[in-house]
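Student: I have a model open and some labels to check. Can we go through them one by one?

Tutor: Yes. Ask, and we will set each value against its cut-off.

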Amino acid sequence: MTLLARTNEAPPLSGPTPEDPAVVAASRPETIIEVSSLTKTYDRKVGPVLDDVSLTIAKGSIHGIIGRSGAGKSTLVRCLNGLVAPTSGRVAVSGREISSLRGPALRKARRDIAMIFQHFSLLSSRTAAGNVALPLEIAGVPKDVVRQKVAALLDLVGLAGKADAYPSELSGGQKQRVGIARALALDPAVLLSDEATSALDPETTVQILDLLREINRRTGITVVLITHEMEVVRRIADHVTVLEGGKVIETGPTFDVFAFPKSRIARSFLSSIVAHDLPEEVTRQLIAAPIEGSDPVLRITFTGDAAHDPVVTTLVEKFGIRPNILHGRIDYIAGKPLGIITVIAEGGRPDLADVLAHLTSLNLHAEVIGHVVRSVPAGARRAAR
Ligand SMILES: Nc1ncnc2c1ncn2[C@@H]1O[C@H](COP(=O)(O)OP(=O)(O)OP(=O)(O)O)[C@@H](O)[C@H]1O
Ligand SMILES: [Mg+2]
């Protein structure tokens, strides 16, 4: 009876299922910055510098915006804090539409959006402590609170012993630490960084990036990193947007964008970090279609855990292929391994579709990128041309 009755009943209330809209909404990160159809034209004769830019930035994330010089990165970041007024479109930060605010309302919203710069912008007449205190003094914070807050901020950035040093007595990395402490003084929700590590040597850059990540983790502040240095994004950004000629050409999790860029421009742009493009000596040998005596060339992309699997052995044992490695590299993107190897699939005559299907079943991304003529030494092939 109970069994029969149960089959006709509605399913028991066992709590929300993963498809529940409430669950989906809760697991979706909250958006803190929303840019919609943003266009900026400084000079009509030149045309738009930002062209229909839309992107969202999740609260608490580190979001990199990369692009070549002149791509529009600084213009975009200035639209985020209201320093530049958009020609059209919307910019909302913490639910406030920055592009429509004026006067005191804009100044209040800006307190929530701090910024650090390439050349630090410190006052040379003030000590490290004096520079950090400045925004607090302007905001009318009582003196004893300022003192405590400044000490805590200098401690946070690892400069507790340098409170009384003037900028001229500090190294570039230390100056940027003061800049970061000053930016954090009013507990902003967003920290914008416009090329903040571009004037620093590689070792100091890494230290400053690690500090930004540490602050992001400790305080939950959202960090927007504007940079032309891919290394910066690769090291700490969890999401990335690629700008080119004022347009967003890619946006998404850093690993996905770096591992599988959809556009040719992004692919070539990221090639200093990830071996998407083969060296020219290799590309020159490729032909588009198979001919008598040619072998296919496979590009195999390993991501995450699959990067440690013995793929080459699999090709030999399962398909009798002798993989001749043309090119290969393993990089770490946002802490995850990403390997790309390019092999000539010599020997064996397996159905290529079977090979690709097998590699896919191992969670690898594999594609045939061309063919090369077999058994002619590379040197002889070049001489014959
Ligand atoms: N205030 C301005 N008035 C007129 N044109 C401007 C202004 N600011 C920027 N531009 C132009 O807009 C384009 C984008 O400049 P922007 O500074 O946003 O690029 P960027 O990506 O930050 O470049 P970089 O990496 O060199 O800093 C450039 O062609 C620049 O000359
Ligand atoms: Mg710039």
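Student: How many aromatic pairs does a search of the whole structure find?

Tutor: It finds 0 aromatic pairs. This is a predicted model. A pair would need ring centres within 6.5 Å.

Student: What makes lysine 336 count as sitting over the ring of phenylalanine 255?

Tutor: The charged end of lysine 336 is 4.4 Å from the ring centre of phenylalanine 255. The distance cut-off is 6 Å, and the charge must also be within 35 degrees of the ring normal. Lysine 336 is listed as over the ring.

Student: Which residue has lysine 318 over its face?

Tutor: Phenylalanine 319. Lysine 318 is 5.9 Å from that ring centre. The limit is within 6 Å, so the label rests on that cut-off as well as on the angle.

Student: What is the background of the fold: how many helices and strands does the protein chain have?

Tutor: There are 15 helices and 14 strands. Of the 385 residues, 44% are buried. Among contacts between residues at least 6 apart in sequence, 70% join residues at least 24 apart.

Student: How do you know what span is expected for helix α7?

Tutor: Helix α7 covers residues 172-184, which is 13 residues. The expected span is 1.5 Å times one less than the number of residues. That gives 18 Å, and α7 reaches 19 Å from its first C-alpha to its last. The two values are close.

Student: Why is α7 called mostly covered?

Tutor: In α7, 10 of the 13 residues are buried, so the label follows from relative accessible areas under 20%. Among them are Gln176, Arg177, Ile180 and Leu184.

Student: What covers those buried residues of α7?

Tutor: The cover includes strands β6 (113-117) and β7 (190-194). It also includes helices α5 (128-138), α6 (143-156) and α8 (202-219).

Student: Why is proline 296 called buried?

Tutor: Its relative accessibility is 9%. Buried means under 20%, so proline 296 qualifies. Proline 296 lies in strand β11 (residues 294-303).

Student: Which residues does proline 296 touch, leaving out those up to four places away in sequence?

Tutor: They are Val343, Ile344, Ala345, Leu352, Val368, Gly370 and His371. Take alanine 345: it is 49 residues from proline 296 in sequence, but 5.6 Å away in space, C-alpha to C-alpha.

Student: What makes the phi of serine 94 stand out?

Tutor: The phi of serine 94 is positive, about 50°, although the residue is not a glycine. Most residues other than glycine have a negative phi. Serine 94 is in the loop between β4 (88-93) and β5 (96-97).

Student: Where does serine 121 lie, and what is its phi?

Tutor: Serine 121 lies in the loop between β6 and α5. Its phi is positive too, about 55°.

Student: Why are serine 94 and serine 121 called partly exposed?

Tutor: The label covers values between 20% and 50%. Serine 94 has 34%, so it fits. Serine 121 has 44%, so it fits as well.

Student: Which residues surround ligand 1?

Tutor: They include Tyr42, Val49, Arg68, Gly70, Ala71 and Lys73.

Student: What makes the pair between ligand 1 and lysine 73 a polar contact?

Tutor: An oxygen atom of ligand 1 is 2.7 Å from a side-chain N or O atom of lysine 73. The cut-off is within 3.5 Å, so the pair counts. Another contact puts a ligand oxygen atom 3.2 Å from a polar backbone atom of alanine 71. For tyrosine 42, a nitrogen atom of ligand 1 is 3.5 Å from a side-chain N or O atom.

Note on methods. Residues numbered from 1 in each chain as written. Chains lettered and ligands numbered in written order. Predicted model: local features only at pLDDT ≥ 70, side-chain atom pairs only at ≥ 80, totals over all residues. Heavy atoms only, no water. Phe/Tyr/Trp six-rings, centres within 6.5 Å; stacked < 30°, edge-to-face > 60°. Helix = DSSP H or I, 4+ residues; strand = E, 2+ residues; numbered from the N terminus. Buried < 20%, exposed > 50% of the residue type's maximum accessible area, 1.4 Å probe, protein only. Contact = heavy atoms within 4.5 Å. Near = heavy atom within 4 Å. Polar contact = N/O pair within 3.5 Å; in protein donor to acceptor, adjacent residues only side chain to side chain.
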